[in-house]
Amino acid sequence: LPADYAFPADRLADPHPQVRLAALLALADRPADSLAPAVVDPLVAMAADPDVHKDRWLPDAVTSAAAVHSEAFLGQVLASSTPQIDRSAAAPIVRIVAEHRAREGLSDEALNGLLASLQHAPAPLTHAVLAGFVKGWPKNRPAVLLPATEQALAAALPNLGPEGRVQLLRLADVFQSTALREEAKAVLVTLAATIKDTSGSD
């Protein structure tokens, strides 16, 4: 398809799985990160649809299309303005797409924007992005993080389970970010003290 082709987004919501599959394969063939918002929204909806995950072929097709357009897909699936669907079901696809994006590389601006949005994302999606970046980020490639990004990531810690907290500390090591590591540890110390005080008052 030509780069300026206006993709019919309604095909991603077609009741026939074969039509949706063909649409996803067409998206995967388009130039990277060339999708209009009107197409990204239904792609996110498919990634979060439990019925899609029951299909034999659709999950892989959604993952392929999302990986090609990873910047727009990850930005939208994590955005607090995304319509109120249960985005948590998209976590397996988000993890793979985040790993792909980390491995391929992204600008400092895009990296900071993506990581800052984790502060308001559902915990399963935050876990997925952290795990994907830990696995996919190239060794010996320090990340350039803004102080605001480091603070936003640390602020997300209390809402994460033990696995997510471990992943964030591992990400600080992968990014070679001493500041992020210290920010995260400071939040963990405060959180532990709060839990101890609460337990002691019972």
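Helices here are DSSP runs of H or I with at least four residues, strands are runs of E with at least two, and both are numbered from the N terminus. With that in hand, here's one helix to find: α9 covers residues 147-156, and Thr-149 sits in it.

A word on what you're looking at. The model is predicted, so to speak of local features takes a pLDDT of at least 70 and side-chain atom pairs count only at pLDDT 80 or more, while totals for chains, interfaces and linings use all residues. Residues are numbered from 1 along each chain as its sequence is written, and side-chain values use heavy atoms, leaving out hydrogens and water.

Now zoom out. The chain has 11 helices and zero strands. Of its 202 residues, 43% are buried, meaning under 20% relative accessible area with a 1.4 Å probe and protein chains only (over 50% is exposed, and in between is partly exposed). Take the contacts, that is, heavy atoms within 4.5 Å: among those with a separation of 6 or more, 76% join residues 24 or more positions apart. The chain exposes about 10,200 Å², and carbon and sulfur atoms supply 56% of that; the areas come from the Shrake-Rupley method with a 1.4 Å probe.

What about the inside? A nonpolar core is a set of buried Ala, Val, Leu, Ile, Met, Phe, Trp, Tyr and Cys residues joined through side-chain atoms within 4.5 Å. The largest one holds 56 residues, and Leu-24, Phe-73 and Phe-133 are among those touching the most other members. In soluble globular proteins, nonpolar side chains tend to be buried together.

Follow Leu-24 into helix α1, residues 17-28. The 12 residues of α1 should span 16 Å at 1.5 Å a residue, and the end C-alpha atoms are indeed 16 Å apart; the expected span is 1.5 Å times one less than the number of residues. Buried in α1 are Arg-20, Leu-21, Ala-23, Leu-24, Ala-26 and Leu-27. Their cover includes α2 (37-47), α3 (50-54) and α4 (58-68). Leaving aside residues up to four places away in sequence, Leu-24 touches several residues, including Leu-43, Met-46 and Leu-58.

Helix α2 is also home to Ala-45. Which label does Ala-45 earn at 34% relative accessibility? Ala-45 counts as partly exposed because of that value. Its C-alpha atom is 9.8 Å from that of Ala-89, 44 residues apart along the chain.

Back to Thr-149, then. Thr-149 is buried, with a relative accessible area of 3%. Not counting residues up to four places away in sequence, Thr-149 touches Asn-112, Leu-115 and Ala-116.
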